[in-house]
Amino acid sequence: MLKKMISVSLAGILAVGLAACSSEESSQASNNGSPDYPERGLTIVAPSGAGGGWDLTARSIAKTMNNSGLIEEPIMVENKPGGGGAVYMAEYATKEVDNDYMLMVKSPPILINNSKAEGNSPYGYKDTTPLAQLTRDYGAIVVRADSEFQTLTDVLDAVKADPTAVTFAGGSAPGSMDHLVGILPAFEYGIDPKSVKYVSYDGGGEAVAALLGDNADVIATDASTIGEYMKSGDVRVLAVSAPERLEGELSEIPTFKEEGIDTEFTIWRGIFGPKNMSDSAYKYWSEKIEEMSGSEEWKQELEQNGWQSEYKNGEDFEEYLKNQEELIVELLTALDMQK
């Protein structure tokens, strides 16, 4: 009888031990992911309609990865528009939190929508796994060719003297990217950003049309999109938000810092994984994206789209996002638009 009881006890202990080992191995496998990742097709989501910056970036990544043979499994691109990226951000941060096969392209709105009181997104970059920054653009402060304003400080001095006399415009809503780029130099110049008169339009093209139609005195827009209007002689660019002078058509345009405004703002595009991305998937994508960023195929995509390359790995990108978020929160707070 005693032997039987000891046998049963040992069997129970063994069963519990095996169960614990199995549970631990299962947990470890979940955290580390499959060593054979990826085992099927992958998806990169552009949280916008077709043809925009997010869409073009996602398709360029997929095209380069697939055509160069960097990734053997096929990569699909899906468009999921809505709320300036906020609609899919909510889905990604909740329903896709463990999905190693679903990646997303984003830019500064991932910070702005999360930090702005009316940004419509309780989720931000901390609800993802930043994988890499890939491209950079900068803001540009632009006036008509015949404008009385010759320099950025001319504009700021006029705003300081009478904020109602100067109308700024941009292709995004108040508190969004164009608005923040436009009021950033004013804020650093000691002007209350709430006093700056800003009118929003549905896209950069409409903002330029407002400027040329004399419905705005100054616009803030992407530096990469304004070159054609410079070449036609319709506008003058007063300054760019880059840390140093740009190349090409904007090579003669001073930076904010050259105009005495000690600040800068990068309009980046990057790629993100889900918050609970496995170690194996993170390592895989980190290596593949770094390799892609130096490939001739990717350089051709950059040139074709007029993008400037700026690669940051996941760790450096996450640190950069933290710093840019602090600047955005500072600006939104000054505008009384922070959450």
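Two residues are in contact here when they have heavy atoms within 4.5 Å of each other. With that in hand, here's a first look at this predicted model. Take the contacts between residues at least 6 apart in sequence: 78% of them join residues at least 24 apart. The protein is built from 11 helices and 10 strands, and 49% of its 339 residues are buried.

**A pair of helices**

Two packed helices can be described by the angle between their axes and the distance between those axes. For helix α6 (residues 177-188) and helix α11 (residues 314-334), the angle is about 80 degrees and the axes are 11 Å apart. An angle of 65 to 115 degrees counts as roughly perpendicular, so that's the word for how α6 and α11 sit relative to each other.

Who does the touching? From α6 come Leu180, Ile183, Leu184 and Phe187, and they meet Leu327, Ile328, Glu330, Leu331, Leu332 and Ala334 of α11. Sorted by class, the residues of this contact are 9 nonpolar and 1 charged, with no polar ones.

**Empty spaces**

Rolling a probe the size of a water molecule over the atoms shows where empty space is left. Searching the whole structure for cavities of 30 Å³ or more turns up 1. The table sets the largest cavity beside the second largest pocket.

| Space | Volume | Largest share of the lining | Lining by class |
|---|---|---|---|
| Largest cavity | about 30 Å³ | α4, 3 residues | 5 nonpolar, 2 polar, 1 charged |
| Second largest pocket | about 190 Å³ | α11, 5 residues | 3 nonpolar, 3 polar, 4 charged |

Which residues line the largest cavity? They are Ala86, Met89, Lys106, Pro109, Ile110, Asn113, Ser121 and Tyr123. Helices α3 (86-94) and α4 (109-115) each chip in at least two residues of that lining.

The second largest pocket brings us back to α11, which supplies at least two of the lining residues, as does β10 (308-313). The full lining is Glu264, Phe265, Thr266, Glu310, Lys312, Tyr320, Asn323, Gln324, Glu326 and Leu327. You've met Leu327 already: this α11 residue is also part of the contact with α6.

**A few residues worth a stop**

Start with Thr43, which lies in strand β1 (residues 42-46). Is Thr43 buried or exposed? Its relative accessible area is 13%, and buried means under 20%, so Thr43 is buried. Leaving out residues up to four places away in sequence, Thr43 touches Met76, Glu78, Tyr101, Met102 and Leu103.

Now for some backbone oddities. Most residues other than glycine have a negative phi, and most peptide bonds are trans. In the loop between α1 (2-32) and β1 you'll find Pro38, which is joined to Tyr37 by a cis peptide bond with omega of about -5 degrees.

Then there are two aspartates with a positive phi. Asp214 has a phi near 65 degrees and lies in the loop between α7 (204-212) and β7 (218-222). Its relative accessible area of 52% makes Asp214 exposed. Asp336, in the segment after α11, has a positive phi of about 60 degrees without being a glycine. Asp336 is exposed as well, with a relative accessible area of 61%.

Definitions and conventions: Residues numbered from 1 in each chain as written. Predicted model: local features only at pLDDT ≥ 70, side-chain atom pairs only at ≥ 80, totals over all residues. Heavy atoms only, no water. Axes fitted to C-alpha atoms, helices over the stretch in contact; angles between N-to-C directions. Parallel < 35°, antiparallel > 145°, perpendicular 65-115°, else oblique. Nonpolar A, V, L, I, M, F, W, Y, C, P; charged D, E, K, R; others polar. 1 Å grid on protein atoms, 1.4 Å probe; cavity = no way out; pocket = protein on both sides within 12 Å on 5 of 7 lines; lining within 4 Å. Points joined across faces, edges and corners; volume = space filled by probe spheres on them. Buried < 20%, exposed > 50% of the residue type's maximum accessible area, 1.4 Å probe, protein only.
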